[in-house]
Amino acid sequence: MITDTHCHLTCDEIYSHIDETLENAKNADVDLMMIMCTNKTEYLRALDLKTKSPEHLKVAFGYYPGDAKEITKEDLEFLKAEALSGRMDVLGEIGLDYYWDTSFKDLQKELFKTQIEIANEAGLPISIHMREASRDTMDLLEQYAKTPVILHCFSGSEPIMEEALQHGMYISFAGPITYKNNKQGPINVKACPIDHLLSETDSPYLSPVPHRGHPNEPAFVADTVAKIAEFKDLDQDTLQQAIRQNFLTLLGKKASTPTQEEIADIQSFLATCDPSWKEIQLKEEAK
Ligand code: NI
């Protein structure tokens, strides 16, 4: 019963061979995965996958900080409607990223705050992406977040982790903790209490050792969990059970599994209000 709390199963790179990916996960005993969706296409694909295996999949949807310049009022209205619909498990990943571009920090902050407020209103946990932006991210979370917080792929300093834990946030570790040159990762893993710790892949990115150089997939979360168990001197079963329990606890109430009719309704709604959506739909059908 291994848990991958963060995988981009419906991004183009993975979705093109999704059946094989899910089969590999099953064979590796990875039986609970949260699909992270960064746009409407990925979200619709995720809902569709969930109708086929609701007991193994959770769905998260939110707009990525790097996309802040492109996100429209209509995009946010759609996210809000879906957050309130009961179909989403988590809102995210959302946050701040100053690694690639610092020219639109204010826009990133505004998008982040708006999405935290949607999550508050819907009572949804949030999954946080922070890169080179720990201080600003923590400040906004401490000021606005009212629902459970997951710091995804945590690679910050120990003081930031301590601060996050004091606010009851969950710390999620990914492939980089298995890298030999990562000195901070093992320190963070050791210092993180087992009741606030999570495991993830962030696939298709950040493959753990020994899969570096290959695209990541949920099956590989087993290698990250094994490394966490080693650092914490725990047996893997105890650790896996704790992670599963942490994840289910923070999720709280279960999201509903959409019907095909609901998915068709969302499709036609999107086609009505967004002309470009028809193109996406046609591309999907042509596959
Ligand atoms: Ni991600």
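Let's start in the middle of things, with strand 5, which is mostly covered: five of its six residues are buried. Keep in mind throughout that this is a predicted model. Strand 5 spans residues 126-131 and runs parallel to strand 4, residues 90-97, with six bridges joining the two. You can pick out individual pairings by eye: leucine 91 sits opposite isoleucine 126 of strand 5, and glycine 95 has histidine 129 as its bridge partner.

Two helices pack on the sheet around here. Helix 5 (residues 105-122) touches strand 4 and strand 5, and its direction makes about 160° with that of strand 4. Helix 6 (residues 134-144) touches strand 4, strand 5 and strand 6 (149-151), and makes an angle of about 155° with the direction of strand 5. Follow the chain and you get a right-handed β-α-β unit from strand 4, helix 5 and strand 5. Carry on, and strand 5, helix 6 and strand 6 make a right-handed β-α-β unit too. On that other side, strand 5 pairs with strand 6 in the parallel sense over three bridges, and serine 127 stands opposite isoleucine 150 of strand 6.

Now zoom out to the sheet. Eight strands line up in the order 1-2-3-4-5-6-7-8, with parallel pairing, and the sheet is open. Strand 1 (2-7) and strand 8 (197-199) are at the edges with a single partner strand each, so one side of each has no neighbour in the sheet. From one strand to the next, the twist averages 25°.

What about the chain as a whole? Its tally is twelve helices and eight strands. The radius of gyration is 18 Å, close to the 19 Å that the globule rule gives for 287 residues, so the chain is as compact as a globular protein of that length. The C-alpha trace spans about 55 × 45 × 35 Å along its principal axes. Of the 287 residues, 43% count as buried. If you look at contacts with a separation of 6 or more, 71% of them come from residues 24 or more positions apart.

That brings us to the inside. In soluble globular proteins, nonpolar side chains tend to be buried together. Here the largest nonpolar core has 73 residues, and the members touching the most others are Ile35, Ala60, Leu91, Ile126, Leu151 and Ile171. Strand 2 (residues 30-37) supplies the largest share of this core, six residues. Leu91 and Ile126 should look familiar, as the pair facing each other across strands 4 and 5. For a feel of the packing, click on isoleucine 35: leaving out residues up to four places away in sequence, its contacts include Cys7, Leu9, Ala46, Leu57 and Ala60.

It's worth setting two residues side by side. Valine 149 belongs to strand 6 and counts as buried because it has 24 C-beta neighbours inside 10 Å. Beyond residues up to four places away in sequence, valine 149 touches Ile126, Ile128, Leu141, Met169 and Tyr170. Isoleucine 71, on the other hand, is in the loop between strand 3 (57-61) and helix 4 (73-85). With 19 other C-beta atoms within 10 Å, isoleucine 71 is partly exposed. Setting aside neighbours within four places in sequence, isoleucine 71 is in contact with Tyr63, Leu76 and Leu111.

Finally, a few backbone oddities to look up. The peptide bond from glycine 92 to glutamate 93 is cis, with omega near 10°, and glutamate 93 is in strand 4. Another cis peptide bond links valine 209 and proline 210, with omega about 10°. Proline 210 is in the loop between strand 8 and helix 9 (221-232), 30 Å from valine 149, C-alpha to C-alpha.

Then there are the positive phi angles. Glutamate 132 is not a glycine, yet its phi is positive, about 55°. Glutamate 132 lies in the loop between strand 5 and helix 6, and with 12 C-beta neighbours inside 10 Å, it counts as exposed. Cysteine 153, also not a glycine, has a positive phi of about 45°. Cysteine 153 sits in the loop between strand 6 and helix 7 (158-166) but is buried, with 24 other C-beta atoms within 10 Å.

Note on methods: Residues numbered from 1 in each chain as written. Predicted model: local features only at pLDDT ≥ 70, side-chain atom pairs only at ≥ 80, totals over all residues. Pairing = 2+ DSSP bridges. Helix = DSSP H or I, 4+ residues; strand = E, 2+ residues; numbered from the N terminus. Axes fitted to C-alpha atoms, helices over the stretch in contact; angles between N-to-C directions. Contact = placed C-beta atoms within 7 Å. Rg over C-alpha atoms; globule rule 2.2 N^0.38 Å. Buried ≥ 20, exposed ≤ 12 C-beta atoms within 10 Å, placed from the backbone. Right-handed = clockwise from strand over helix to strand, strands pointing away. Core = buried A, V, L, I, M, F, W, Y, C linked by C-beta atoms within 7 Å.
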